[in-house]
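Reader: I would like to go through this structure with you and ask, term by term, what justifies the words used for it. Please set each value against its cut-off before you conclude.

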Amino acid sequence: MISNLPPLNAVRAFAAAARHQSFSRAAEELHVSHSAVSRHIKLLEERLGVLLFERRTRQSLLTPAGRTFYEQVSVALAQIANATTALTRGASLRKVRINVRPSFAERWLIPRLPNFMALYPDIQPEVVTSTLPPDHARETFDVVIRRAKAGWSANVQPHALLEDDLVLVAAPSLLQSQPLDSPGDLIQHTLLAGRTRSSDWQDWARHAGITQRHTQPTLQFDHMHLVLQAAVDGLGVALCPASLLGRDLSTGRLTCPFPSLRLPLTRYYYGVAQDTAAETQVFIDWMRAQIHRRGDSSLEGLNPFDLEATQHPLH
């Protein structure tokens, strides 16, 4: 049986290319050249006697045979990674691997991690950022956090974590020069938007009862933490999930001109990998405690009535 194994480097190259549907991005992930990935996959196709990819100019699509092979190979590679992690876990510092989207990592998780490390110095958190739907067969993690339950694989069970609201924010200096006395005054401002949240302005305008102008100046960024930085720098007005505001309001870097106009968003969920160690539950309990802390609200700086309703923890 072992003698039938194809070269594992070729399998790794194939799995990376299948995941990205791109030889170039697979090469970046594996830190090898594009031609090396191409050679590995050609070798694997010759070994298996089937075509695994349909080569196109800018994309490499899996053939039906390639898709079937990837579904099984990705699980096997994840099992190897998990076995390695389990074997080395006891010989080194205990770790918990946390998979989150980039903006949630930068704006919510990382600022709070010093507290976790002070409370649990024997547990080392590893933060991995990804925008892919949770799938333990594709990515190794102990805890994964995503907004909504769409796209979760069957091997990861989502649990409700945090409710969230969409709020309007801007730099105080911008509003001094261009006041926002009512939502209708937005017509005078540049709108800041994130590519992954393309419908926010339309949804919020409907919620606020105003009409959005199609010709209104808009600046778009890849991630919400970039949108917020642009808002801090006075480039325009932003809509932001309250969970990502951090302490920008309490420190005066940003202000919320209409605190009562909050649009409810799809909640956050967390998932846990199977057979995780005890430190994973320690991290989850700590995370819930952070959400429960009234003084740690992302809308700190709003009036007390609004503050009470911010960041509702879920059980």
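Reader: How much surface does the protein chain expose, and what share of it do carbon and sulfur atoms supply?

Author: In this predicted model, the protein chain exposes about 16200 Å², and carbon and sulfur atoms supply 53% of that area. Of its 315 residues, 45% count as buried, and the chain has 10 helices and 10 strands. Among the contacts with a separation of 6 or more, 73% are between residues 24 or more positions apart.

Reader: Why are helices α2 and α3 called roughly perpendicular?

Author: The axes of α2 (residues 23-30) and α3 (residues 34-48) come within 8 Å and cross at roughly 105 degrees. Angles of 65 to 115 degrees count as roughly perpendicular, and α2 and α3 are therefore described in that way.

Reader: Which residues make the contact of α2 with α3, and how do they divide into nonpolar, polar and charged?

Author: On the α2 side there are Phe23, Ser24, Ala26 and Ala27, which meet His34, Val37, Ser38 and Ile41 of α3. The residues of this contact divide into five nonpolar, three polar and no charged.

Reader: What makes Arg55 and Glu45 a salt bridge?

Author: The criterion is a side-chain nitrogen of Lys or Arg within 4 Å of a carboxyl oxygen of Asp or Glu, and for Arg55 and Glu45 the closest N and O atoms are 2.8 Å apart, so the pair qualifies. Arg55 lies in strand β1 (residues 53-55) and Glu45 in helix α3, so the salt bridge ties together parts that are 10 residues apart in sequence.

Reader: Why is Glu45 called buried, and why is Arg55 called partly exposed?

Author: Buried means under 20% relative accessible area, exposed means over 50%, and partly exposed lies in between. Glu45 has 8% relative accessibility and therefore counts as buried, whereas Arg55, at 39%, falls between the two cut-offs and counts as partly exposed.

Reader: How do you know that the salt bridge of Asp248 with Arg107 links distant parts of the chain?

Author: The closest N and O atoms of Asp248 and Arg107 are 2.4 Å apart, although the two residues are 141 residues apart in the chain. Asp248 is in the loop between β9 (237-241) and β10 (263-272), while Arg107 is in helix α5 (residues 102-119). Both Asp248 and Arg107 are buried.

Reader: What makes the pair of Arg267 and Glu163 a salt bridge, and which strands does the pair tie together?

Author: The closest N and O atoms of Arg267 and Glu163 are 3.4 Å apart, which is within the 4 Å limit. Arg267 lies in strand β10 and Glu163 in strand β6 (residues 159-169), so the pair ties together parts that are 104 residues apart in sequence. With relative accessibility of 30% for Arg267 and 25% for Glu163, each counts as partly exposed. Elsewhere, Arg94, Asp122 and Glu279 are joined into one network by salt bridges that share partners, and a search of the whole structure finds 14 salt bridges.

Reader: Why is helix α8 said to be largely enclosed by the rest of the structure?

Author: Helix α8 (residues 224-232) has nine residues, of which seven are buried, so the description follows from that count. The buried residues are Met224, His225, Val227, Leu228, Ala230, Ala231 and Val232, and they pack against α5, β6, β7 (191-194), β8 (218-221) and β9. Just after α8, Gly234 takes a positive phi of about 80 degrees.

Technical notes: Residues are numbered from 1 along each chain as its sequence is written. This is a predicted model: local features need pLDDT of at least 70, side-chain atom pairs count only at pLDDT 80 or more; totals for chains, interfaces and linings use all residues. Side-chain values use heavy atoms; hydrogens and water are left out. Axes are lines fitted to C-alpha atoms, for helices over the stretch in contact, and angles run from 0 to 180 degrees between N-to-C directions. Helices (H or I, at least four residues) and strands (E, at least two) are DSSP runs, numbered from the N terminus. Angles under 35 degrees count as roughly parallel, over 145 as roughly antiparallel, 65 to 115 as roughly perpendicular and the rest as oblique. Contact means heavy atoms within 4.5 Å. Ala, Val, Leu, Ile, Met, Phe, Trp, Tyr, Cys and Pro count as nonpolar, Asp, Glu, Lys and Arg as charged, and the others, Gly among them, as polar. Buried means under 20% relative accessible area, exposed over 50%, partly exposed in between (1.4 Å probe, protein chains only). Accessible areas come from the Shrake-Rupley method with a 1.4 Å probe; for residues, only the protein chains shown count as cover.
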